[in-house]
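Take a look at the sequence and the 3D view below. Then let's walk through a metal site, a strand and a helix.

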Amino acid sequence: MATLDSVIEELVTANRILAREEILDSFGHISARHPENPNRYLLSRARAPDLIEEGDIVTFELDGTPVDAGDRKPYLERYIHGAIYEARPDIHSVVHSHTGSVLPYGVTGWKLRPMAHVGACIGKDVPIWDSDEKFGDTDLLVVNMSMGRDLVKTLGQGKVALMRGHGCAVAGDNIRETVFRVIQLDVNARLQREALAMSQVTGKMKFMSDGEIDAWNKILTPYSWERAWENWCKRASRPYRFQPWV
Ligand code: MN
């Protein structure tokens, strides 16, 4: 069982890694379900991910109410996290990012599908949530539970949903797996774009089959992500802690 202190440290490391790997810039965020209370989650105060420290991590109720914020200002879009934890007991970490490589897929509807083996972790079907369908002309931000819950309907039982004109929401069983997934989402989006250009010449573009995606996801275990996590910790100048419980 992970302790609260270890999850907070892990969350800080995850923020630094996602900044270092250029998944999050000054915006976007990653959260974790509270290890001692499944009806709460942990998320930084509104701050750029590369600057986040342990003292920035705030506890929230699933509806987005801060428990211990004090004068620390929360992110406007924290509802993305709470809505996913509310609907999905299997999810223990959520990332919301505006990663540029992914954004064109949400705008054009060009289907994002796994094409490189590790990209299988994004799932067979990556749906697109369009806030306009229910909420009309907004600033595209998810600023209440109603919008968060609508996004979760699109996410369904998957782990990735694109957000039209905005970014994406990525979920996982734990922080390390979720970081792995959002980084591979970025890699897969870039590879697909490059392959698309070549396919104009060759007329060929072969994605992974559903069976191949299923087969790869069976090997998505700590064996897959620990090697990457240790490497990313070093690149982000954060201590690597081996976690036998993940
Ligand atoms: Mn956003």
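Donors here are N, O and S atoms within 2.8 Å of the metal (3.2 Å for Na, K and Ca), and water is not among the atoms, so sites may look incomplete. This is a predicted model, where local features need pLDDT of at least 70, side-chain atom pairs count only at pLDDT 80 or more, and totals for chains, interfaces and linings use all residues. Residues are numbered from 1 along each chain as its sequence is written, and side-chain values use heavy atoms, with hydrogens and water left out.

Start with the metal. Along the sequence, the manganese ion's donor residues follow the spacing E-x18-H-x1-H-x67-H. E77 sits in the loop between β3 (57-61) and α2 (79-87) and H166 in the loop between β6 (160-163) and β7 (167-172), so this pair ties together parts 89 residues apart in sequence. Helices (H or I, at least four residues) and strands (E, at least two) are DSSP runs, numbered from the N terminus. Both E77 and H166 are buried, meaning under 20% relative accessible area (exposed is over 50%, partly exposed in between; 1.4 Å probe, protein chains only).

Next comes β1 (residues 29-33). With 5 of its 5 residues buried, this strand is largely enclosed by the rest of the structure. Here are its partners; two strands pair if DSSP finds at least two bridges between them.

| Partner of β1 | Bridges | Sense | Residues standing opposite |
|---|---|---|---|
| β4 (residues 93-97) | 4 bridges | antiparallel | H29 and H96 |
| β2 (residues 40-44) | 2 bridges | antiparallel | A32 and L42 |

H96 also turns up at the manganese ion, which it coordinates through NE2.

Finally, the buried residues of α8 include W225, W229 and W232.
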